[in-house]
Amino acid sequence: MRINKYLATCELGSRRKVEEFVKLGLIKINGSVVTDLSYDVSEKDRVEYKGKLVKLQTNKVYYMLNKPKCYITSLKDEKDRKVVTQLLKGVKEKVFPVGRLDYNTEGLLLLTNDGDWSNNITHPSKNISKTYEVKLKKPLTSKQAMQIHNGIVIDGKKTLPAKIVMHNVDGEYYIYHMTIYEGRNREIRKIFEAIGLKIYNLKRLSIGLLGLGNLKEGKFRKLTRDEINLVFMGE
C-alpha cells in the first residue's frame, strides 16, 4: 500500500496532511526515516510516527459537526485555542477534520478517519459544491453579483464561477446563499473583500447534497451510509 494511503488509514490525517509528515522526516519504517512518497508499505513493515508505532485502522467512521465560531479546525493549536475535536464527546476513534472552516466561520464540518474519503472531498480537481449563508449589511449590486458569478482574481488566481442568490432580509442584514466549487483559503471572505463588502456572519450549510439540517450549534452526529455519498452529489 502506498505510504500516504497507509498513513491516512492509520488515522494520522488526510492524505495531503500525512504527505507533509513524510516530507518532514517524521516517518520511520523498520527503523529508517522514509521521505519517498512512492514507498509501498508491506504487511511486515514496522511503521512509526514520531517514534510511536502506527497500525492500520479498519473501522471507518464519519461525523457531521455544526461548528461554532471561535474553534480551530485542527487537532491541536499552538496558541491553546479551542479545537473542534474537543466537541466530539464520547467519540473513541481518532478522527480528523475534512478540510477547514475559519476560526470565525460556523456550520457544517465533516470529521472522519477515512483518508481516501477526505481526499476525494478536498482535492481541488473534484470541484465539490459547498453552499454558505452570507450575512451582509448592504445588498449586492448587479455589478458585484456578476463579478462573483464570473470569478474574481484573489491571490493572483481567478476563482471558479460561483452562484449567489438573495435568500432573506433579517432586520438590518441581507442574507445570501452562495455556492462555491473549490476550497481555497478564506475564499468567500477574500471575494467579498475584493468587491468592497464586509461579511458579518458566514455559515456553511451544505457540502454536495449533504445539508446541516436542524443539527444544533456545537452538536455532532454520525452520518448514515447513504449520507456518506451525498457529498459527491449536486450541481
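**Salt bridges, helix α5 and local features of the predicted model**

A search of the whole structure identifies eleven salt bridges. The structure is a predicted model, and every value reported below is computed from it.

One of these salt bridges joins the side chains of Arg189 and Asp102, with an N to O distance of 3.6 Å. The two partners come from distant parts of the chain, 87 residues apart: Arg189 belongs to helix α5 (residues 187-194), whereas Asp102 sits in the loop between β6 (96-97) and β7 (106-112). Arg189 counts as buried because its relative accessibility is 15%, under the limit of 20%. Asp102, at 22% relative accessibility, counts as partly exposed.

Helix α5 contributes to a further salt bridge, in which the side chains of Asp155 and Lys190 meet at 2.7 Å, N to O. Asp155 lies in the loop between β9 (153-154) and β10 (157-158) and Lys190 in α5, so this pair ties together parts that are 35 residues apart in sequence. The partners have opposite environments by accessibility: Asp155 counts as exposed at 62%, while Lys190 counts as buried at 18%.

A salt bridge is also formed by Glu182 and Arg184, whose closest N and O atoms are 3.8 Å apart. Glu182 has a relative accessibility of 11% and therefore counts as buried. In addition, Lys5, Arg15 and Asp116 are joined into one network by salt bridges that share partners.

The helix that supplies Arg189 and Lys190 is mostly covered, six of its eight residues being buried. The buried residues of α5 are Glu187, Ile188, Arg189, Lys190, Ile191 and Phe192. These buried residues pack against several strands, namely β8 (130-136), β9, β11 (163-170), β12 (173-180) and β13, and against helix α4 (142-150). After α5 comes Gly196, which has a positive phi near 85°.

The packing of α5 against α4 can be followed at the level of a single residue, Ile148. Ile148 is part of helix α4 and counts as buried, with a relative accessibility of 2%. When residues up to four places away in sequence are not counted, Ile148 touches Leu140, Pro161, Ala162, Ile164, Met178, Ile191, Phe192 and Ile195. Among these contacts, Ile191 and Phe192 belong to the buried residues of α5. Met178, another residue touched by Ile148, is separated from Ile148 by 30 residues in sequence and by 9.4 Å in space, C-alpha to C-alpha.

Strand β13, against which buried residues of α5 also pack, comprises residues 201-207 and includes Ser206. Ser206 is buried, its relative accessible area being 14%. Its contacts, leaving aside neighbours within four places in sequence, are Leu108, Ser129, Lys130, Thr131 and Gly211.

Backbone geometry was also examined at residues other than glycine. Asp155, the salt-bridge partner of Lys190, has a positive phi near 55° and is not a glycine. Arg186 likewise adopts a positive phi, of about 50°, although it is not a glycine. Arg186 is located in the loop between β12 and α5. With a relative accessibility of 32%, Arg186 counts as partly exposed, whereas Asp155 counts as exposed at 62%.

A further loop, between β5 (62-67) and β6, holds Asp77. The side chain of Asp77 is joined to that of Arg81 by a polar contact of 2.9 Å. Once neighbours within four places in sequence are left aside, Asp77 is in contact with Ile72 and Val83.

The pocket analysis is reported here for the second largest pocket, which has a volume of about 180 Å³. Its lining is made up of Cys10, Glu11, Leu12, Tyr49, Lys50, Lys52, Leu53, Val54, Lys55, Gln57 and Lys94. Classified by residue type, this lining contains five nonpolar, five charged and one polar residue.

How values were computed: Residues numbered from 1 in each chain as written. Predicted model: local features only at pLDDT ≥ 70, side-chain atom pairs only at ≥ 80, totals over all residues. Heavy atoms only, no water. Salt bridge = Lys/Arg side-chain N within 4 Å of Asp/Glu carboxyl O. Helix = DSSP H or I, 4+ residues; strand = E, 2+ residues; numbered from the N terminus. Buried < 20%, exposed > 50% of the residue type's maximum accessible area, 1.4 Å probe, protein only. 1 Å grid on protein atoms, 1.4 Å probe; cavity = no way out; pocket = protein on both sides within 12 Å on 5 of 7 lines; lining within 4 Å. Points joined across faces, edges and corners; volume = space filled by probe spheres on them. Nonpolar A, V, L, I, M, F, W, Y, C, P; charged D, E, K, R; others polar. Polar contact = N/O pair within 3.5 Å; in protein donor to acceptor, adjacent residues only side chain to side chain. Contact = heavy atoms within 4.5 Å.
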